[in-house]
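The following exercises concern the packing of a predicted model. Please examine the sequence and structure before working through the solutions.

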Amino acid sequence: MTDTLLALSTDHCRITPLTADDARELAAITDESVTSRIDFLPAPFTESDARELIARSGGGDVFHAVRGSGDAALNGVIGVHRRAGQDYEIGYWFAARARGRGIATEAVRAVVGALTASRPGCSVVAECHPDNERSRALLRRTGFVSTGLAGRRPGRMLLAWRPAPLDRIDVC
């Protein structure tokens with residue numbers, strides 16, 4: 001079974017595996033605001049670094065491109081990382097121009113939905129630094145809850161995805 005989600009489409013984005021042709025755009029969207037938050041990305045993140053990341057994609061770490069549904073521009077990246085057993089970790093970063101537009105929420109929701117639908121019984125986690133308010137809010141919107149545990153990376157907290165209960169009633 002591959003950890004690559006071959007292709008997903010939502011109302012506003014298309015999600016496909018990154019390819020070597022994406023290296024230039026990937027380097028362009030991976031600025032200091034991204035590299036300062038993701039410990040495995042070098043700073044500055046160059047086109048050569050992008051090619052290396054794409055080349056190692058496969059098996060346990062697979063990186064997916066997120067593009068707008070109406071254009072080919074790379075808006076972001078969502079990684080699906082195999083952990084022990086049937087555990088998966090997701091991570092992401094988005095271009096500054098794509099932030100605050102709901103694209104990341106829609107894309108992360110789609111990836112988690114496809115992952116859990118295609119791998120019944122799997123668990124999905126994410127790690128987030130406590131001071132990264134935007135990322136924590138995105139994770140909450142997409143169904144992640146705090147586990148109260150530290151993540152594997154220094155200073156990170158572990159969050160776990162929980163499906164929304166079917167009988168939940170929201171009261172305003």
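**Exercise 1. The nonpolar cores**

Task: identify the residues with the most contacts inside the largest nonpolar core, and the elements that supply it.

Solution. The largest nonpolar core comprises 28 residues, and Ile15, Val66, Ile78, Ile90, Tyr92, Phe94 and Phe144 have the most contacts inside it. Such a core is a set of buried Ala, Val, Leu, Ile, Met, Phe, Trp, Tyr and Cys residues joined through side-chain atoms within 4.5 Å, where buried means under 20% relative accessible area (1.4 Å probe, protein chains only). Two or more residues each come from strand 2 (13-17), strand 4 (74-82), strand 5, helix 4, strand 6 and helix 5; helices (H or I, at least four residues) and strands (E, at least two) are DSSP runs, numbered from the N terminus. Helix 4 gives the most, nine residues. A second, separate core of 18 residues includes Ala23, Phe63, Ala65 and Leu74.

The model is predicted: local features need pLDDT of at least 70, side-chain atom pairs count only at pLDDT 80 or more, and totals for chains, interfaces and linings use all residues. Residues are numbered from 1 along each chain as its sequence is written, and side-chain values use heavy atoms, with hydrogens and water left out.

**Exercise 2. Helix 5**

Task: determine which residues of helix 5 are buried and what they pack against.

Solution. In helix 5 (residues 133-141), Ser135, Ala137, Leu138 and Leu139 are buried. Their packing partners, by contact (heavy atoms within 4.5 Å), are strand 5 (87-94), helix 4 (103-118), strand 6 (123-128), strand 7 (144-150) and strand 8 (157-161). Just after the helix, Gly143 adopts a positive phi of about 105 degrees.

Notes. Buried means under 20% relative accessible area, exposed over 50%, partly exposed in between (1.4 Å probe, protein chains only).
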